[in-house]
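Please look over the sequence and the model below before reading on. The paragraphs that follow go from the whole chain to single residues, and then to the question of confidence.

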Amino acid sequence: MTITQLHLANFLQLVEEAGSLTKLARKCGYDNAASLSQLKRRLEEQAEDEKARGIRPSLAAKLEAGMHKRKGWLNRDHSKDREKAAAAEAARQERAAQAAAAAAPAFHMPAEGRAVSITRNTSETQITLSLNLDGTGQYRFDTGVPFLEHMLAQVARHGMIDLDITCKGDLHIDDHHTVEDIGIVLGQALKQALGSKAGIRRYGHAYVPLDEALSRVVIDLSGRPGLVYNIDFTRALIGRFDVDLFEEFFHGVVNHSMMTLHIDNLSGHNAHHQAETVFKAFGRALRMAAEYDPRMAGQTPSTKGTLSDESVAVEVTVEKEEAQSEE
């Protein structure tokens, strides 16, 4: 590790501890974050340069003093401390999830409304999912992935969707199959619950802030799968959760619900905040898109007269038949 890489890692830890780059600047006596933003960019650009000097001593002392660190703190490797803190946070989240599950009231999926239950078993995961689009935001999860459960709770609560998910996955390998397959089954359930989509609004969007983070999600229940995913997470892990798996989750949802989904994280320094704003916005956009529109009076919100993926298959077949007849 070069001295610049060491300084960059420790500088980013200071940003996280302060809450944002702006808050760090204030703690260290700056009027705005411009100077520290330039410092961050320079450290990132010079990270691989072994000749680069990193943060100059006078600035290092100012940062250490502002954040109440010992002199020389920026020059020491704190990766083991960060690993211990991450493990402790993951354990805390897991205990909190277990306590919430134990304290949660009995969950009853209503018999009426757009409610479905799906079971999907593979050699990697065994999943049972129940969903009610016309619910009250109840949820219960048993997946073995606490941070994913925390995000799914945002979808249920802000989307006013009742959601019950049980999953036994190959977590001894990693979380990948569990997270991706839950996305697949959620997509299947949404597709089944939405049915013909007659009378719904079809389109939904939401902007959601959380402190420094802001995300936008736009949904079209179009019958055509498509994902545009723009999230530049500031960390690779949240606790022990790999943030790359969020994209796999949404691919699963999109491909099996047949929706078009645009996700954009517009700002944010805290990775937890980035993720939470995305999932809250997804829940709210889905709620808007799936709602019944009284002015549609049961009509399908499309000039084609259908929003089912079967219609796409029919159109393709017709086009092929016409092409063959022309030949």
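**A walk through the predicted model**

What is shown here is a predicted model, and its confidence values will matter again towards the end. The protein has 327 residues, of which 45% count as buried, and its secondary structure consists of 10 helices and 10 strands. Among the contacts between residues with a separation of 6 or more, 75% join residues that lie 24 or more positions apart. The accessible surface of the protein comes to about 17100 Å², and carbon and sulfur atoms account for 49% of that area.

From the whole chain we can turn to the backbone at two particular places. Most residues other than glycine have a negative phi. Against that background, His68, which is not a glycine, has a positive phi of about 60 degrees, and Met258, likewise not a glycine, has a positive phi of about 65 degrees. Where do these residues sit: His68 and Met258? His68 is found in the loop between α4, which covers residues 57–66, and α5, which covers residues 79–103, whereas Met258 is placed in the loop between α8 (245–257) and β10 (260–267). Their surroundings can be set side by side as well, since His68 has a relative accessibility of 73% and therefore counts as exposed, while Met258 has a relative accessible area of 15% and is therefore buried.

The cysteines offer another point to examine. How many disulfides does a search of the whole structure find? The search finds 0. Two cysteines can nevertheless be described by their accessibility: Cys28, at 6% relative accessibility, counts as buried, and Cys167 is buried too, with a relative accessible area of 5%.

It remains to ask how much confidence the predictor attaches to the various parts of the model. The protein averages a pLDDT of 88, and 89% of the residues score at least 70. Confidence is highest in β10, at 98, and lowest in helix α10, which spans residues 309–326, at a mean of 44. Over residues 107–111 the pLDDT is below 50, and this stretch has 15 contacts in the model beyond near neighbours in sequence. Residues 310–323 also have a pLDDT below 50, and beyond near neighbours in sequence that stretch has 4 contacts in the model. Where pLDDT is low, the predicted coordinates should not be read in detail. By contrast, β10, which ends the loop that holds Met258, is the element where confidence is highest.

Methods: Residues numbered from 1 in each chain as written. Predicted model: local features only at pLDDT ≥ 70, side-chain atom pairs only at ≥ 80, totals over all residues. Heavy atoms only, no water. Helix = DSSP H or I, 4+ residues; strand = E, 2+ residues; numbered from the N terminus. Buried < 20%, exposed > 50% of the residue type's maximum accessible area, 1.4 Å probe, protein only. Contact = heavy atoms within 4.5 Å. Areas by Shrake-Rupley, 256 points an atom, 1.4 Å probe, with all protein chains shown as cover. Disulfide = S-S within 2.5 Å. pLDDT = per-residue confidence, 0-100.
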